[in-house]
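This report concerns salt bridges, burial and helix packing in a single model. Please consult the sequence and the structure shown here before reading on.

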Amino acid sequence: GRRRGHPDWKRRSPRKAKPEIRCSVGGSRISKFGRLAIRWTWVKMERRQALLDASQKAPAFLLAVGKNEGSSTELGEVMQGMSGEECASVWSGLKEILPDTLADATPEVLELVVAVAKFGCVHLKVADKATPGAMKEVVQLLHDNLIEHVEFESPAQDAICRVCEAWFLGDCEDKSTVVPQTLVTLLMRSVGDNARVADVKRVWDIREALTCIELSGVGFRTVKESIMRAAIHPHYVMHDDGRRFLAFVLTLSPELTRAVHQSIKNQLPWIRASMLEQYGELYHQAWKKAAGPALHALEYDCFQDLANHCVHAATPALASALRKVLAVVHKHKKNKAVDEMLARVYEPVLWRSLKVANPTVRRQAALLFAEVFPVQDPDASNAEFEKSLTMQVNALELLMRDPVPEVREVGVQAVSRVLSLYLDLFPVHTSTGFMNLLLRDLAFDTASPAVRVAVLRGVAFIMDNHLSH
């Protein structure tokens, strides 16, 4: 802290300059970053040679590949500097040190399997690297032992699934042979006790693998059972990737469509309302993408089946749950294709159910009828439309004159909704007849206070339409 010239001031000895590193060609100075680049280049060359030498020995290969996920980036950089012959040599060595089967595999062997699978994933990420024949044989070997000889939800199983997924998504040679057991394993993991949403996304990513499996084969039974479990699992129903996967499944074959629908239908009485709406969205998305026999199965084995169970439900709660599923499709009635489909599918159910002797069935059919009115084919001629409208008007009038008060109450609600939304659709004498029946007869219904209350609420609802003033 003393100033220069003070008796106690001591001059510091100058620092010795570090010798400069210069290039052997031209003698130019090499910067710090240049020195680091040269050093990293030598390190990569050493690791590449170590990888080539280690492919014949399991302990050395484990050391070369690394046991932590953070080494994947460095391993990829090392592989980028390897030629095709060197990669083929590595995989030939790995093929020799791996056993032919993983039955009774020791922990050391499973550790080697994890390292080999990790190395395969890194190899497939390097875009300019071809897949040697030995690599295909190794991946196929791992796939064939996946279910029978590898512990469920073990690190080895996850590593094998990932390399098989990368092989399939990379569109590599014979990709269809390495996905059957992979798909089954991922499906089982996604609906297991430790299932995660990330597992559902992995299933969605390899959904095209279903097209590589013979849907009518004996081996498809396990896949079918896993899909039926997935159809009622919250991770699939409440997340976008899961619903997209289930919608994709519904479009594959009529048999699979009916199986998934049966699984869903059995759960509808006990699930919460939010899941009911998601199921409706699932059916609608599948219907938009389906074609051929799968489309026919969706319309008649799913939509018509739900409508039929809705009007014949044993309890009002079950009928309400089924209507919530179908209501998602009803919201799209403005779409001509949806309107035509609903008319074609619902007409046989509605017209038969509105005339049965059971009042509960008539009531539940009236509730469904009110939601889908008017039931029409948009491409029908004017004469056909007038005929259909007349039949529907007569059905509404019969509901309001039904001898059972509970049915009359629903008839009043249905007519009030129809007049509020479609008043301009009816001739004046028809709408006047409905209003006279409501205000002069049903408003003074002595047999049921609920009917009288429904009239008052219905009139207020009708007044929301400005044409009624």
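A network of salt bridges links D158, R162, E165, R189 and R202; a salt bridge is a side-chain nitrogen of Lys or Arg within 4 Å of a carboxyl oxygen of Asp or Glu. The model is predicted: local features need pLDDT of at least 70, side-chain atom pairs count only at pLDDT 80 or more, and totals for chains, interfaces and linings use all residues. Residues are numbered from 1 along each chain as its sequence is written, and side-chain values use heavy atoms, with hydrogens and water left out.

R202 also belongs to the buried set of helix α9 (residues 197–205), together with D199, V200, V203 and W204. Buried means under 20% relative accessible area, exposed over 50%, and partly exposed in between (1.4 Å probe, protein chains only). Helices (H or I, at least four residues) are DSSP runs, numbered from the N terminus. The buried residues of α9 pack against α7 (155–169), α8 (180–190), α11 (234–237) and α12, where contact means heavy atoms within 4.5 Å.

Across the whole structure, a search finds 21 salt bridges. Three of the pairs are listed below with the N to O separation.

| Acidic residue | Basic residue | N to O separation |
|---|---|---|
| D199 | R196 | 3.6 Å |
| E255 | K224 | 3.4 Å |
| D445 | R408 | 2.9 Å |

In the pair of D199 and R196, D199 is buried because its relative accessible area is 2%, whereas R196 is partly exposed at 44%.

The salt bridge between K224 and E255 joins helix α10 (residues 220–230) to helix α13, so parts that are 31 residues apart in sequence are tied together. K224 has a relative accessible area of 23% and is therefore partly exposed; E255, at 41%, is likewise partly exposed.

D445 and R408 form a salt bridge that ties together parts 37 residues apart in sequence, since D445 lies in the loop between α21 (428–441) and α22 (449–462) and R408 in helix α20 (residues 405–422). Both D445 and R408 are buried.

A polar contact is a pair of N or O atoms within 3.5 Å; within protein, one must be able to donate a hydrogen and the other to accept it, and residues adjacent in sequence count only if both atoms are side-chain atoms. S253 lies in the loop between α12 (240–250) and α13 (254–267). A polar atom of the S253 side chain is 3.2 Å from the backbone nitrogen of L256. S253 counts as buried because its relative accessibility is 13%.

Technical notes:
Helix = DSSP H or I, 4+ residues; strand = E, 2+ residues; numbered from the N terminus.
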